Amino acid sequence: MSYQNVFQRYELKYLITKQQKAEIIDRMKNYMEEDEFGKTSVRNLYYDTDNFRLIRRSIEKPVYKEKLRIRSYRKAKEDTEVFVEIKKKYDSVVYKRRLAMPRKEAMHWMESGDYEGETSQIAGEIDYFLNYYGKLEPKVFLSYDREAYKLKGEGEFRVTFDENILCRQEELELGKDAWGTPILEEDKVLMELKCGGGIPLWMTDILSSMGIYRTSFSKYGTAYQKIIFPQIIGVKG
């Protein structure tokens with residue numbers, strides 16, 4: 001049994017220190033609360049072509065770009081629920097389509113191209129993606145510790161903090177322990193503001209008073225540029 005989610009929103013990214021993170025959490029406590037996930041260990045398998053076509057294209061900063069990944073929020077057994085996700089970005093707006101299903105079904109789908117779940121628009125989009133790019137394989141395991149907050153009461157505004165972002169190209173399985181090479185300095189945290197429209201004024205005031213400004217940052221892109229591409233050049237050289 002699988003179910004689907006659709007997201008359309010802006011995702012604004014900021015690289016901050018752990019001290020700044022603590023201050024932001026303290027200053028937003030009257031407006032935000034931990035979401036249903038709270039603190040989690042997020043694991044991702046990013047799929048790509050043999051020559052990393054998807055991430056190389058993304059790094060070029062085109063108007064439109066897309067990625068395919070499988071995500072779990074804990075060490076996944078065969079029957080653990082995971083999310084097969086297509087993440088698209090067009091003109092600064094993020095569109096995410098995802099299907100939840102047991103890890104065993106997700107891996108079978110990615111390896112064989114045979115989807116055995118219920119027919120849906122999202123399943124069709126993922127099938128089209130797989131057929132369009134040809135053979136896709138898991139290329140990178142990315143894990144990190146996340147704290148997630150949501151707006152109290154009504155509203156879609158969310159804030160997440162990601163630390164200990166690790167990358168590896170071995171043991172590309174969601175059932176393995178989280179380990180790898182850090183892609184950020186030890187004291188750095190990636191903060192993301194996720195919203196359907198504008199940022200709340202109180203959050204704008206917090207960021208302005210602390211001198212914190214937006215940055216462009218991709219976990220997979222950073223892993224490719226800092227770790228994977230240098231290795232490729234080293235092997236070929």
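A salt bridge is taken here as a side-chain nitrogen of Lys or Arg within 4 Å of a carboxyl oxygen of Asp or Glu. In the predicted model described here, 20 salt bridges are present under that criterion. Side chains of opposite charge can pair when their charged atoms come close.

Three of these pairs are considered individually. In one of them, R9 and E11 are joined through their side chains, with an N to O distance of 3.1 Å, and both R9 and E11 are buried. A salt bridge is likewise formed between the side chains of D26 and K29, where the N to O separation is 3.1 Å; for D26 the relative accessibility is 43%, and this residue therefore falls in the partly exposed class, which lies between the limits of under 20% for buried and over 50% for exposed residues. In the third pair, the side chains of R69 and E85 meet at 2.6 Å, again taken from N to O. The R69 and E85 pair connects distant parts of the chain, since R69 is placed in strand β3 and E85 in strand β4, which comprises residues 81-90, and the two partners are 16 residues apart. Both members of this pair, R69 and E85, are buried. Beyond these individual pairs, a single network comprising R146, D162, E192, K194 and K219 is formed by salt bridges that have partners in common.

A further set of contacts between separate parts of the sequence is centred on M32, which belongs to strand β2, spanning residues 32-48. The relative accessible area of M32 is 5%, and M32 is therefore classed as buried, the limit for that class being under 20%. When residues up to four places away in sequence are left out of account, M32 is in contact with Y149, K150, L151, K152, F157, R158, V159 and W202. For one of these partners, R158, the C-alpha to C-alpha distance to M32 is 8.3 Å, although the two residues are 126 residues apart in sequence.

At the surface, V63, Y64 and Y90 make up a nonpolar patch of about 300 Å². V63 is located in the loop between α2 (53-59) and β3 (64-72). With a relative accessible area of 53%, V63 is classed as exposed, because the cut-off for that class is over 50%; membership of a patch, by comparison, requires over 30% relative accessible area and no salt bridge. V63 in the surface patch is thus exposed, whereas M32 in strand β2 is buried.

Note on methods:
Residues are numbered from 1 along each chain as its sequence is written. This is a predicted model: local features need pLDDT of at least 70, side-chain atom pairs count only at pLDDT 80 or more; totals for chains, interfaces and linings use all residues. Side-chain values use heavy atoms; hydrogens and water are left out. Patches are made of residues with over 30% relative accessible area and no salt bridge: like charges are joined within 9 Å, nonpolar side chains (Val, Leu, Ile, Met, Phe, Trp, Tyr) within 5 Å. Accessible areas come from the Shrake-Rupley method with a 1.4 Å probe; for residues, only the protein chains shown count as cover. Helices (H or I, at least four residues) and strands (E, at least two) are DSSP runs, numbered from the N terminus. Buried means under 20% relative accessible area, exposed over 50%, partly exposed in between (1.4 Å probe, protein chains only). Contact means heavy atoms within 4.5 Å.
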